[in-house]
Amino acid sequence: MTSDKEIADLIFPDVTLTIDDLEKRYPKRDLPNGAEVTRFAPSPTGFLHTGSLFTSMVCRKVATQTGGVFFVRLEDTDTKREVENSRTIIFDQLKAFNIVPDEGFLGSEEKGDYGPYVQSKRADIYKIVIKHLLEIGRAYPCFCSQEELDEIRKQQEAAKILPGYYGQFAKYRFISNDERKELIESGKPYVIRFKSLGNHIHKIKVHDLIHKDFDIAQNDMDIVIFKSDGLPTYHFAHVVDDHFMRTTTVIRGEEWIASLPIHLDLFEALGWEPPKYAHIPLILKLDDEGHKRKLSKRLDAEAAVSYFIEEGYPCEAVIMYLMTLANTNFEEWIFQHHFKDMDQFVFSFEKMSSDGSLFDIDKLSFFSREILANYTKTQITDAILEYANAYNPALKNLVERDRNYFEEIMNIERERENPRKDYFKYSNIYESVGFFYDEIYSDLVSNSSNLPFNREKFTNEEIKTVLSALLNNINLPEDESVWFGNIKNIAVNIGFAENNRSFKENPEKYKGVVADVAEILRITLTCRKNSPNLYYVMRVLGLERSKQRIEHMISLL
């Protein structure tokens, strides 16, 4: 009778190394007590999901704060899904958010002693382990055709029982080794399946660092572990890789909880201690009807990490916002630390909610404003230029034609205890500051009828009267309060009230209030109702250019 070892040798005649050889090649890591080894394992599908960025951020944080190791492993065994250049894109996007691995796959190269860090390069390792499972009778070749598998599923659906290849439905589990040998030698195609000893009727107790202790059905599926193309499946490969790369904590999305019994079954069959598991809750979004759903790459632009990069959200702000989803105490902590020194925050799985978190783009924008407000004029200009080089040639032109001028625009009310928070993403900067440039201002002002003057309150002639008074009397002293006092005097002299209270008490006596005069001046200089501090806008433009714009507006009205 043909033995299990003979079947193993027939399938893998060239595999001579053993699991013991692999244990020596990849010894346990020499790390301080309590140090965690974590990994992020993306597939090269050309799309890095925001949930994946969230997961990798947590992986990096856990490893770093414990003095451990964070590595990236590329899981590319599903060759049909691979997108060209996506390997480099994934690493570059992680790097943009300062999630740089200590070792592993680095885009164009690999670093570390536990590689290769690309699964397609680890075929020899998988074959050694699969051969071992064949030798001990915990794996077998399966010759099921697609038609046979379809027939099994039809039987299960008709009987309304759990679908899958298990128990009595595991057709080729029960044939003899002599039959297996004959089929292999005849050239019949096959895959290799794991032989589970479980029963899904029974429950096993598992512990999760986030979801705590719970019961889940025991695995009894004879899953495919080695495909006909010579590559392993995800379930098998990741178990082998996590063992020999010495991962201590597997941090991944909660959608993998259903697969946990399979992975624990594989670890047990191989006699290996499994890592700790932390299944991170999903990032959710409210649909139009107010129902929660998973953040979807098909429906939601913000589901793609590339969205934040291309829109120009500061990466630090994105990570800061995601950390508020990761730990319930982070938001209070970062407020206390004035949105600085985020690396000093101690992450804890105990502070992570087991429920999914709603993605809030407005809250992200809030963090972005706080981050950008704390940049110096040089730092924000550098960041804008880096973004513009990649995504906005027109903005790049504004910065580079006169960097000092651009920095002065960015510096309006920046160097103070409570700086202005005008900006939250770089893609809006061109529109926000364009009026400072004469050719853009000319385009904006060319159709005066579209300018946001309050035409229900003031006619064109009344607006011209205000502008004429400003043109003849305005100045630009060093002190802002003196400047505003001058504006107030001009307004009062042409029949405007100093404040709303006076206006409301005697509306027939006044044309409006000082704020109306300031608004007319703001629209004249910037073509908008909202802008940075008007006094500093004039300081950047200069008195002469400001007067030229007033004159021009008078001529248009």
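**Figure 1. Half in, half out: burial across the whole protein.** In this predicted model, 50% of the 557 residues of the protein count as buried. The surface that the protein exposes comes to about 26900 Å², and carbon and sulfur atoms supply 47% of that area.

**Figure 2. The overall outline of the protein.** How would a compact globule of 557 residues differ from this protein in radius of gyration? The globule would have a value near 24 Å, but the protein has 33 Å. Along the principal axes, the C-alpha atoms fill a box of roughly 110 × 50 × 40 Å. If you trace the chain, you will meet 24 helices and 14 strands. Take the contacts between residues at least 6 apart in sequence: 72% of them join residues at least 24 apart.

**Figure 3. Charged side chains.** The protein carries 70 positive side chains and 88 negative ones. Find the centre of each set, and you will see that the two centres lie 2 Å apart.

**Figure 4. A look at the cysteines.** How many disulfides does a search of the whole structure find? The search finds zero. Cys315, for example, is in no disulfide: the nearest cysteine sulfur belongs to Cys59 and is 18 Å away. Another cysteine to look for is Cys527, which counts as buried because its relative accessibility is 13%, and buried means under 20%.

**Figure 5. Helix α16 and what covers it.** Helix α16 spans residues 403-410. Which of its residues are buried? They are Tyr405, Phe406, Glu407, Ile409 and Met410. Several other helices help to cover these buried residues, including α14 (377-391), α15 (393-401) and α17 (429-433). Further along the chain, α23 (534-541) and α24 (543-556) are also part of the cover.

**Figure 6. Tyr313, a buried residue in a loop.** Tyr313 sits in the loop that runs between α10 (305-311) and α11 (315-326). Is Tyr313 buried or exposed? Tyr313 counts as buried, because its relative accessibility is 4%, under the 20% cut-off. Now look at what surrounds Tyr313. Setting aside neighbours within four places in sequence, Tyr313 is in contact with Tyr307, Phe308, Val318, Ile361, Leu364, Ser365, Ser368, Phe424 and Lys425. Leu372 is a helpful landmark for comparing sequence with space: Tyr313 and Leu372 are 59 residues apart in sequence, while their C-alpha atoms are 9.6 Å apart in space.

Technical notes
Residues numbered from 1 in each chain as written. Predicted model: local features only at pLDDT ≥ 70, side-chain atom pairs only at ≥ 80, totals over all residues. Heavy atoms only, no water. Helix = DSSP H or I, 4+ residues; strand = E, 2+ residues; numbered from the N terminus. Rg over C-alpha atoms; globule rule 2.2 N^0.38 Å. Buried < 20%, exposed > 50% of the residue type's maximum accessible area, 1.4 Å probe, protein only. Contact = heavy atoms within 4.5 Å. Areas by Shrake-Rupley, 256 points an atom, 1.4 Å probe, with all protein chains shown as cover. Lys, Arg positive; Asp, Glu negative; His and termini not counted. Charge placed at Lys NZ, Arg CZ, Asp CG, Glu CD. Disulfide = S-S within 2.5 Å.
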